[in-house]
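Student: Please take a close look at the surroundings of the ligand. Then carry on from there through the strands, helices and loops that can be described in detail, and keep the account connected.

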Amino acid sequence: MNHKRSGEIFEEAKKYIPGGVNSPVRAFRSVGLDPIFIERAEGSRIYDVDGNSYIDYICSWGPLILGHSNKDVLEGIEEAIARGTSYGVPSPVEVEVAKMITEALISVDMVRMVNSGTEATMSAIRLARAYTGRSKIIKFEGCYHGHSDSLLVKAGSGAITFGVPTSPGVPEDTTRHTIICTYNDLESVKRVFEKEGKDIACIIVEPVAGNMGVVAPKEGFLEGLRSICDEYGSVLIFDEVITGFRLSYGGAQEVYNIKPDITCLGKIIGGGLPVGAYGGKREIMELVSPVGPVYQAGTLSGNPLAMTIGYRNLKILKDNREIYIELENKAKRLEEGINNIIKELNIDAHVSRVKGMFCLFLGKGPFENYNDVMKCDTEKYSAFFREMLERGILIPPSQFEAWFLSAEHSDEDIEETLKACREALKVALKVAFKR
Ligand SMILES: *Cc1c(COP(=O)(O)O)cnc(C)c1O
């Protein structure tokens, strides 16, 4: 057993892993702390190696909609692992998962499994470009679609600009094809299409933005994107890596009743194992190798362990749709409770919620796009995070991430969270920040 404490492990980790973590947000840098190292997790709770327990609102950033260590899901791992870990040739469960996904999503006739959300979006972009024979793509500032080169782009200055790389190592030659528009601003998209619509392969969008905090699509925004793509023969890609099987069993496309041409999935479909997928209309998907010429492959894609867990996870959701109503009700209770606290303390803060997805913005709304959310007070959020952590509540260590609820979060958890929230906001926001 490992009896080292988080601080000690972190010091060692930094020697062997850049920043001591395998994904940057885990370093807790944006809230000015060192990370906690986790020993185990169960239900709505996560336990660190230092002996602390927390109500978890990270939930592995979305996959664990059923909570940690779901019994049925874990049994699946045991069963599957007894039959081997990977075959390199097909197994029946891959077909079961594909069937389940195509039945759940109104726009998906066929689906290809990959190993992460990043791979899903990267492959979807390649496919859209091949299908249209065009190079340019549109993404929205503040939407995150994984870390592949052409999507690691921020807006340049000026209204309609080509993107500039967000990271060194991404050639401008790559991002020159990526055009950045403003989320919820249909006019910005129309202007781009009027100029170069015939060169635009696709629009990729998070139907509900979940990587700049939670930002809802304004009425008509997604519909508008659909009709612009129809008009110009471009492909509409919904990145449902978060929203898929979270907003509802049929994802955001069911909630808003809009059919994208390609859908990207990840997170929930793997139930905590590394899985991604992209799917869509048959006509487009049949361009993918080996039926068509668009190359895309994966040594561990459709891995039998991951597929078994994914299948069990989706099956539980399919058979227990009330989970979605319960998730929304819990999110509503948190929203109402926090709103009361905001009123009582007379502070500028806003709960942004779409169904069971939400976050707390510490700033003055409205919050409709990246510029809006960037006005939030991240110093205050850091203080809030620390106060919450001290009270046994683990919220995302960044102002710009969604809070994730699971089926395991109980009424008592919600009460405890609200109580902590009231105290934490009081302490964190006591200086200035008054209306
Ligand atoms: C998490 C996420 C991704 C990337 O998925 P990874 O599995 O981390 O590569 C892509 N798109 C959205 C919307 C995401 O939230």
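Tutor: The account below starts at the ligand, moves to a set of paired strands, and ends with two threonines and some backbone features. The model is predicted, so every value that follows is computed from predicted coordinates.

Around the ligand stand Ser116, Gly117 and Thr118, then Tyr144, His145 and Gly146, and further along the sequence Glu206, Asn211, Asp239, Val241, Ile242 and Lys267. Sorted by class, this shell holds 6 polar residues, 3 nonpolar ones and 3 charged ones. Three atom pairs can be given with distances. In the side chain of Lys267, an N or O atom is 2.7 Å from an oxygen atom of the ligand. The side chain of Asn211 likewise has an N or O atom that is 3.1 Å from a ligand oxygen. Tyr144 takes part through its backbone: one of its backbone N or O atoms lies 3.2 Å from a nitrogen atom of the ligand. The protein buries 83% of the 380 Å² that the ligand exposes when taken alone.

One residue of the shell leads on to the strands. Asp239 is among the residues around the ligand, and its number falls within strand β11, which covers residues 235–239. Strand β11 runs parallel to β12, and 3 bridges join the two. Within that pairing, Phe238 stands opposite Thr263 of β12. On β12 (residues 262–265), the side chains divide into two sets: Ile262 and Cys264 point one way, Thr263 and Leu265 the other. What is the burial state of these four residues? All of them are buried. Strand β12 also pairs with β13 (residues 276–280), here in an antiparallel arrangement with 4 bridges. In this second pairing, Leu265 stands opposite Ala277 of β13.

Another group of strands forms an open sheet of 4 strands in the order β1-β2-β3-β16, with mixed pairing. Its edges are β1 (38–42) and β16 (393–394), each of which pairs on one side only. Strand β16 is joined to β3 (residues 53–56) by 2 bridges, and these two strands run parallel. There, Ile55 stands opposite Ile393 of β16.

Both of those isoleucines reappear in the contacts of Thr417, a residue of helix α14 (residues 411–428). With residues up to four places away in sequence left out, Thr417 touches Ile55, Tyr57, Leu334, Met388 and Ile393. Thus Thr417 is in contact with both members of the opposed pair, Ile55 and Ile393. Why does Thr417 count as buried? Thr417 counts as buried because its relative accessibility is 0%, and the cut-off for that label is under 20%. With Tyr57 there is also a polar contact, 2.6 Å from side chain to side chain.

The loop between β3 and α2 (71–81) holds Cys59, and Ser60 has its place there too. Most residues other than glycine have a negative phi. Cys59 departs from that pattern, with a positive phi near 45°. Ser60 also has a positive phi, near 60°. These two residues part ways in exposure: Cys59 is buried, with a relative accessible area of 0%, while Ser60 is partly exposed, at 38%.

The second threonine is Thr308, which lies in helix α10 (residues 304–319). At 13% relative accessibility, Thr308 counts as buried. Beyond the residues up to four places away in sequence, Thr308 touches Gly76, Ala80 and Val93. Gly76 and Ala80 fall within the range 71–81 of α2, the helix that closes the loop holding Cys59.

Helix α10 also borders a loop with an unusual backbone feature. Most peptide bonds are trans. Ser289 and Pro290, however, are joined by a cis peptide bond, with omega about 10°. Pro290 is found in the loop between α9 (282–285) and α10. A further cis peptide bond joins Gly365 and Pro366, and omega there is about 0°. Pro366 has its place in the loop between β15 (357–361) and α12 (370–374).

Key. Residues numbered from 1 in each chain as written. Predicted model: local features only at pLDDT ≥ 70, side-chain atom pairs only at ≥ 80, totals over all residues. Heavy atoms only, no water. Near = heavy atom within 4 Å. Polar contact = N/O pair within 3.5 Å; in protein donor to acceptor, adjacent residues only side chain to side chain. Areas by Shrake-Rupley, 256 points an atom, 1.4 Å probe, with all protein chains shown as cover. Nonpolar A, V, L, I, M, F, W, Y, C, P; charged D, E, K, R; others polar. Buried < 20%, exposed > 50% of the residue type's maximum accessible area, 1.4 Å probe, protein only. Pairing = 2+ DSSP bridges. Contact = heavy atoms within 4.5 Å.
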